[in-house]
Amino acid sequence: MRKNEEWKKKVAYQIYPRSFMDSNGDGTGDLKGITSKLDYLKDLGVDYVWICPVYASPMDDGGYDISDYYSINPMFGTMEDMDELLAEAKKRGIRIIMDLVLNHCSDEHVWFKRALADPDCEEASYFWFRRTDDGNPPNNWRSMFGGSAWEQVPDGRWYLHLFSKKQPDLNWENPKLREKLYEMIRWWLDKGLGGFRIDAITHIKKEPTLASLPPDGPDGMVGCFAPTRNYPGIGDLLTELRENTFDRYDCITVAEAAGVPYDQLGDYIGENGYFSTLFDFTYSELYNHGHTWHTCKKAWEWPISLLRDKMFASQLETQKIGFGAVYFENHDYPRACEKFIPHEYQSPLTQKMLGTLFFFLRGIPFIYQGEELGMTNTVFESIDDVDDISTKNHYRISLADGLTPEEAIKAVNRYSRDNGRVPFPWGPGKNGGFTTGKPWMKPHPRYLEFNAADEAKDPGSVLNYYKKMVALRKSEYPGAQLTLGDIAPLLLDYPDIIAYKRIKDGREVAVVCSFSPCPLSIKADFAPGEVFIANYEKPFEKSGENLVLPPFSAFVCEMTEKC
Ligand code: NOJ
């Protein structure tokens, strides 16, 4: 695993392969499509590309249900296409990060098929099978996608699935299974991968008695976080995983590690941590109130200072022991503007402000496809426009709560994961240039407003702003400060501002972002020097002792002492 600092200066980009670029006109993005767009990524300045799962899969959960870890889903191409992608990426100095799903596989994996056919076979012990006498599931745990976390098979046994019933959990207590997984990981790393993003990894250790817990909802069930997320003893498994795989290669590992308390961060990403870095989710779902989306809060129904406080808590705790992975969007969330900016203010200006805020935090930034174009949420007219299993579950809950389909689809439009999974708009042509065929999901209706070809030509576009941000991180000054520098919050007296400074070698650089729709007069305890990037030509005016910021101003500047 990489012990040097180089990776900390890099920029990463996340691809949802089904929706990135279709090379053969079948309506679905594929590996050859990604290869054909490597120059776009190179031009943007990207060093690492994380690709969501492309393994063989029945696609019950967007490929996070793997039926063969050693082969490529024909929908995405072949192993030769994968090898070609790796080779072409390497030529451009880009390293590919694959998704690694180890908590569960697919019920169509040969291990599970054998386990179903013969309860006494070795593969049966790779899963969590239980029998009960009363015809009820072994416990009252609720799966992440709704309903019981147990499914019964024809011979009466039940198996555990923390996610969909087509994603049986793997039994990490079994050393034979673990060795099979390590072997597979090494096989992929031998191909020269840059590393892995590791899915749902904090769930691999389960509370051993699998006992029921007090229900937390009217369904009599309980969310399975307490007994299956970062459960004591997980450290031994993660150390063994690292030693048998990542430690032997020049690669980075980015853990999807929800639920790691800050006092355990060192175990995860400290000097001898299990992973290079991790995604912290403490500030991703601040809108989440209640059991489903229609009870969630919209942008500005919760204070932006909450985002600031949670984000800084995460940054400062991480700074004590390691280096984070920062993101504002990914394939599991609606577009960031939906969470933070009311519709009437969503614009290239506010998109640049949000980008500035996250891009210069301390950590390796992950740009999610389309974020660099300033994409907003899409429009789902009915649930038939949706593919995502989790969205369908939330829609069902809304209907069960008494909402009409029209009301329920409103919540889907705000929070569905499919908002970020629409075809990537490459240009103003048919289907945004994503496919010559019929796209598997409806293109974004506003792709004429944001698409890569038009934005590349417009110096004021969000795309060109992102290119500038990437270049700034890569510059000597202030790049060193903006990548490796320490972070400290600034301007905490202003609830509508999120600002921080990055400090290195005695030089300080400020990042200031206003969420105010009105001009804001602030008293800063520093004098702004050179402005390195801003979403306005003049991101502030001096007025006596004060700086007056126009609405949603964002800028990165040198800090000089006030005289
Ligand atoms: C996290 C992934 O990001 C998400 O898309 C998936 O549904 C779950 N893990 C289950 O693998």
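A polar contact is a pair of N or O atoms within 3.5 Å. The legends below use this term for a predicted model.

**Figure 1. Residues around the ligand in the predicted model.**
The shell consists of Asp61, Tyr64, His104, Phe145, Phe163, Arg197, Asp199, Glu256, His331, Asp332, Arg417 and Arg421. By class, seven of these residues are charged, three are nonpolar and two are polar. Among the charged ones are Asp61, Glu256, Arg417 and Arg421. The two polar residues are His104 and His331, while Tyr64, Phe145 and Phe163 count as nonpolar.

**Figure 2. Side-chain polar contacts of Arg197, Asp199 and Asp332 with ligand oxygen atoms.**
Arg197 places a polar side-chain atom 3.0 Å from an oxygen atom of the ligand. For Asp199, the distance between a side-chain N or O atom and a ligand oxygen is 2.7 Å. The corresponding distance for Asp332 is 2.4 Å. The ligand taken alone exposes 300 Å², of which the protein buries 96%.

**Figure 3. Crossing of helices H12 and H13.**
Helix H12 spans residues 389–400 and helix H13 spans residues 405–415. Their axes come within 9 Å and cross at roughly 140 degrees. The crossing is right-handed.

**Figure 4. Side-by-side residues in the contact of H12 with H13.**
H12 contributes Thr391, Tyr395, Ser398 and Leu399. These meet Pro405, Ala408, Ile409 and Val412 of H13. Six residues of the contact are nonpolar and two are polar, with no charged residue. The polar pair is Thr391 and Ser398, both in H12.

Key: Residues are numbered from 1 along each chain as its sequence is written. This is a predicted model: local features need pLDDT of at least 70, side-chain atom pairs count only at pLDDT 80 or more; totals for chains, interfaces and linings use all residues. Side-chain values use heavy atoms; hydrogens and water are left out. A residue is near a molecule or strand if one of its heavy atoms lies within 4 Å of it. A polar contact is a pair of N or O atoms within 3.5 Å; within protein, one must be able to donate a hydrogen and the other to accept it, and residues adjacent in sequence count only if both atoms are side-chain atoms. Accessible areas come from the Shrake-Rupley method with a 1.4 Å probe; for residues, only the protein chains shown count as cover. Axes are lines fitted to C-alpha atoms, for helices over the stretch in contact, and angles run from 0 to 180 degrees between N-to-C directions. Helices (H or I, at least four residues) and strands (E, at least two) are DSSP runs, numbered from the N terminus. A crossing is left-handed if the near helix is turned anticlockwise from the far one by less than a right angle, and right-handed if clockwise. Contact means heavy atoms within 4.5 Å.
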